Amino acid sequence: MALTFISTQTASSSSTLSFTSGIDSTYDSYEFHFVNMHPSVASNFSFQVNAVSQTGFNEVITSSTYRAYHNEVNTSANLEYRTGSDQAQGTAYQILAESVPTDADQSVSGILTLYAPSDTTYVKHFTGVVFGNFFGAATGALYVGGYINTTSAIDEVSFKFASGNIDAGKIHMYGVS
């Protein structure tokens, strides 16, 4: 497997970071590496997509999410299924990280993989893994997988926090061959 760099989006009090070009049939899958995503308001970090010629970032998603975490004071640790972060044929932005805090030293980083986005026969699968600070003073990992329920090609991806702006962070897009 080889990664080919395509582009980077850099946040600076940005409402969203969107990739609106570069996703086509050149690669079988695409990876989005997000680094030190930091919100202006403690909230969920998420993504959504557009099919070719569509707008609104509201494609239908079905997903499943679980997380592992451990807080700094050693009073809580768990591995759990996250029903509140799942979608069942929903059109909302899909949660990648929950309740990311705004403390100056806290952020989340991870990878979202979109499989066969240009295929026009099958639905589009995705996986994501995010590491960082959640729910204040806890570190953890959130894992998400699912599919975008369209056989149309996907050519745009948008990332945002549920509230406020993306104060800082970078997202790098790579083609996978």
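Begin by selecting arginine 82 in this predicted model, where this residue forms a salt bridge with glutamate 80, and the closest N and O atoms of the two lie 3.1 Å apart. Side chains of opposite charge can pair when their charged atoms come close.

Keep glutamate 80 selected and add arginine 67, because the side chains of these two residues also meet in a salt bridge, at 2.5 Å from N to O. This pair links distant parts of the chain, with glutamate 80 in strand β6 (residues 77-81) and arginine 67 in strand β5 (residues 61-71), 13 residues apart. Arginine 67 has a relative accessibility of 7%, so this residue counts as buried.

Next, add glutamate 98, whose side chain meets that of arginine 67 in a salt bridge of 3.4 Å, N to O. Here strand β5 holds arginine 67 and strand β7 holds glutamate 98, 31 residues apart. With Arg67, Glu80, Arg82 and Glu98 all shown, you have a network linked by salt bridges.

Now turn to the open sheet of four strands, which pair antiparallel in the order β2-β11-β4-β7. Strands β2 (17-19) and β7 (94-100) each have a single partner strand, so they stand at the edges with one side left without a neighbour in the sheet. If you select β2 together with β11 (residues 154-161), you will find three bridges joining these antiparallel strands, and phenylalanine 19 stands opposite valine 157 in β11.

Finish with phenylalanine 159, whose contacts include Phe19, Phe32, Phe45, Leu96 and Ile171. Phe159 is one of the residues that touch the most other members of the largest nonpolar core, which has 33 residues.

Methods:
Residues numbered from 1 in each chain as written. Predicted model: local features only at pLDDT ≥ 70, side-chain atom pairs only at ≥ 80, totals over all residues. Heavy atoms only, no water. Pairing = 2+ DSSP bridges. Helix = DSSP H or I, 4+ residues; strand = E, 2+ residues; numbered from the N terminus. Core = buried A, V, L, I, M, F, W, Y, C linked by side-chain atoms within 4.5 Å. Buried < 20%, exposed > 50% of the residue type's maximum accessible area, 1.4 Å probe, protein only. Contact = heavy atoms within 4.5 Å. Salt bridge = Lys/Arg side-chain N within 4 Å of Asp/Glu carboxyl O. Lists of a residue's contacts leave out its neighbours within four places in sequence.
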